[in-house]
Amino acid sequence: MADTRLCVSAPGKVLIAGGYLILSKEYSGVVLSTEARFYTYIESCDDEDIKVISPQFGSEWIYDSNIKQINTEQQNDFVQLALEEVSKYIEYKHDSSMKGLRIVIAADNDFYSQRAYLRSKQLDATYRNLQAVPKLNKDLKNINKTGLGSSAALITSLVGSLLLRYNSVSKEFTDNDKQLVHNLAQYIHCRAQGKVGSGFDVSAAVFGSHTYSRFDPATINDLIDQYTSGEMIDSIVNKGWDSLVDKIALPYGVSMHLADIEYGSHTPSLVKKVNEWKSKNLDQANELYKSLDISNKQLAGLLVALNKSYETNQDGYLHALDYLSNLIPSEWLKDESNSVVNQFVDLKLTLQNIRATFRTLSAKADVPIEPIQQTRLLEACSEIKGVIGGGVPGAGGYDAIYLLAISSTQTANEIESKWLKWDELSVSPLVCGEGFQGIKNEDAFDISRLLGT
Ligand SMILES: Nc1ncnc2c1ncn2[C@@H]1O[C@H](COP(=O)(O)OP(=O)(O)O)[C@@H](O)[C@H]1O
Ligand SMILES: C[C@@](O)(CCOP(=O)(O)OP(=O)(O)O)CC(=O)O
């Protein structure tokens, strides 16, 4: 095998619609991938060990060629499991043993809160200061996650890079290659988490932004807590995974803004409480889920329709952007003479409907999905010209909000200033927006320079 270095990256996720619903196959959700990405860089090393280095965790995990850890002071179950399962697969499939590798894993800064780092430099968490933080910042003061799905992006980039290294996939990452990475990464991620979730995070890390409906949990349910041989792993990845992925992208001239809120929520507890309520109030819950599903599907349909309008009616589209960017959402009115304005108005109304139904679910299940503090923040953001709407991503709670807005420096500045001045919760922006692309091959030389390897 040629001794080439390589680097594969995979993006983070923001589930803008479909939280809770996508746990069932009958519903779908809209997940946007982020510009923020995880990178796995691989080069050969002189001995047979596999050294995995995480500059951001300040850790090095060393494994022998049987993937037994040599330096056992600190473990990383996610990394170890990925190495174990991929190595069995490679051995079975390609008759090669995985060894003699130096692997560096690094994440774009937005995956971890940079507030403590900036504070230590007596700087506020402004957009400009955040942008000036060195890329792949190693000098983190603590690893507070921002909710972009670090473990899914990590496992996807690690699995993708190992499969590329052993020629199981090509560096173009064709559709078939992506499906293989997806199946293997999804299985490993579920195994590492000890549960079979909806899998939208791994799916976004592989395929980029899309509407998602989940795979049948029975595909892997019985296998995630028993020993699996290379042959079994091969049969898992070749099973008919039935998740549905329809590529989607934010329309031209629309940006996603993400806020990191210094106040956590624990997704599994929220999910547990919602599911408990649902099981005791099945009819009511189904009715609510169905009405939420209609709005979620409308959102997906409007994103597709707006993309189409930009292609077919560019003048009308640009005029609509220009007109709406100077008005706050409550001033947006339908315009018989411009159908694109109407599509944007529908987008605003749909985002409002999704939030309203989430608030009803919050109240009925007594779970803080869109807590009152988030409602107040989101309402205040709707006073900004050019903002279309937003909500609480994923399972909701206190830890994040997203906004969709017409792309303009003025709107971005006003959003930032509103967030930084917000007293009730400590809110700061993330730097990344939507990054349409899923897994991809990177220029290994550029990344190795950034990593100082
Ligand atoms: N930069 C990194 N290097 C190595 N491992 C990482 C890195 N970032 C995240 N991880 C792994 O992912 C785990 C976090 O997973 P999890 O708690 O499921 O978070 P998330 O919700 O972000 O996916 C960490 O405990 C660690 O094992
Ligand atoms: C409730 C959910 O449907 C969505 C949760 O989305 P989040 O983005 O909130 O997830 P975490 O990254 O785990 O915090 C559960 C699921 O689909 O697995």
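# Close-ups of a two-domain predicted model

**View 1. L136, in the loop that links α3 and α4.** L136 sits in the loop between α3 (127–132) and α4. This is a predicted model, as are the other views here. L136 isn't a glycine, yet its phi is positive, at about 50°. Most residues other than glycine have a negative phi. Is L136 buried or partly exposed? L136 counts as partly exposed because it has 17 C-beta neighbours inside 10 Å, and a residue needs 20 or more to be called buried.

**View 2. Y20, another non-glycine with a positive phi.** Look for Y20 in the loop between β1 (6–17) and β2 (29–44). Its phi is about 70°. Y20 is buried, because 26 other C-beta atoms lie within 10 Å.

**View 3. The two domains and where they touch.** The domain assignment splits the protein into domain 1 (6–248 + 440–451) and domain 2 (254–429). Their C-alpha centres are 28 Å apart. Domain 1 puts 24 residues into the contact, and domain 2 puts in 26 residues. On the domain 1 side, β1, β2 and α3 each supply at least two residues. Which of these elements gives the most? That's β1, with four residues. Sorted by class, the domain 1 side has 13 nonpolar, nine polar and two charged residues.

**View 4. Ligand 1 and the residues around it.** How many residues surround ligand 1? There are 14, and the closest are S54, Q56, F78, S150 and S151. Three elements, α1 (77–94), β5 (101–107) and α4 (150–165), each bring at least two residues to this shell. The largest share is from α4, which gives four residues. The shell is a mix: seven nonpolar, six polar and one charged.

**View 5. Ligand 2, between the domains.** Here 15 residues surround the ligand, and G197, S198, T267, G394 and A395 come nearest. Where does ligand 2 lie with respect to the two domains? Domain 1 and domain 2 both give residues to its shell, so ligand 2 lies between them. The shell has eight nonpolar and seven polar residues, with no charged ones.

**View 6. The largest nonpolar core.** This core has 124 residues. Those with the most contacts inside it are A82, V86, I155, V159, V181 and L184. At least three of the core's residues come from each of domain 1 and domain 2. In soluble globular proteins, nonpolar side chains tend to be buried together. Zoom in on V86: leaving aside neighbours within four places in sequence, V86 is in contact with M98, V159, L162 and L184.

**View 7. Helix α5, largely enclosed.** Helix α5 covers residues 175–193. Its end C-alpha atoms are 26 Å apart, which agrees with the 27 Å that 19 residues should span at 1.5 Å a residue. Why is α5 described as largely enclosed by the rest of the structure? Because 14 of its 19 residues are buried. After α5 comes G194, with a positive phi near 75°.

**View 8. Helix α9 and what it packs against.** Running over residues 282–312, α9 has 31 residues. From first C-alpha to last it reaches 44 Å, close to the 45 Å expected at 1.5 Å a residue. Its buried residues are L288, L292, D293, N296, L299, A300, L302, L303, L306 and S309. An α-helix has 3.6 residues a turn, so residues three or four places apart point the same way. What do the buried residues of α9 pack against? Their partners are β1, β2, β6 (210–213), α10 (314–324) and α11.

**View 9. S339 and S309, brought together from 30 residues apart along the chain.** S339 belongs to helix α11 (residues 339–365), while S309 is one of the buried residues of α9. The C-alpha atoms of S339 and S309 are separated by 8.9 Å. S339 is partly exposed, because it has 15 other C-beta atoms within 10 Å.

**View 10. I67, a loop residue beside α1.** I67 is in the loop between β4 (59–63) and α1. Not counting residues up to four places away in sequence, I67 touches Q80, L83, E84 and S87. I67 and L83 are 16 residues apart in sequence, with 6.9 Å between their C-alpha atoms. I67 counts as partly exposed, because it has 18 C-beta neighbours inside 10 Å.

Key:
Residues are numbered from 1 along each chain as its sequence is written. Chains are lettered from A and ligands numbered from 1 in the order in which they are written. This is a predicted model: local features need pLDDT of at least 70, side-chain atom pairs count only at pLDDT 80 or more; totals for chains, interfaces and linings use all residues. A residue is near a molecule or strand if its C-beta atom, placed from the backbone, lies within 6 Å of it. Ala, Val, Leu, Ile, Met, Phe, Trp, Tyr, Cys and Pro count as nonpolar, Asp, Glu, Lys and Arg as charged, and the others, Gly among them, as polar. A residue is buried if 20 or more other C-beta atoms lie within 10 Å of its own, exposed if 12 or fewer, and partly exposed in between; C-beta atoms are placed from the backbone. Domain bounds come from an automatic or database domain assignment. A nonpolar core is a set of buried Ala, Val, Leu, Ile, Met, Phe, Trp, Tyr and Cys residues joined through C-beta atoms within 7 Å. Two residues are in contact if their C-beta atoms, placed from the backbone, lie within 7 Å. The expected span of a helix is 1.5 Å times one less than its number of residues.
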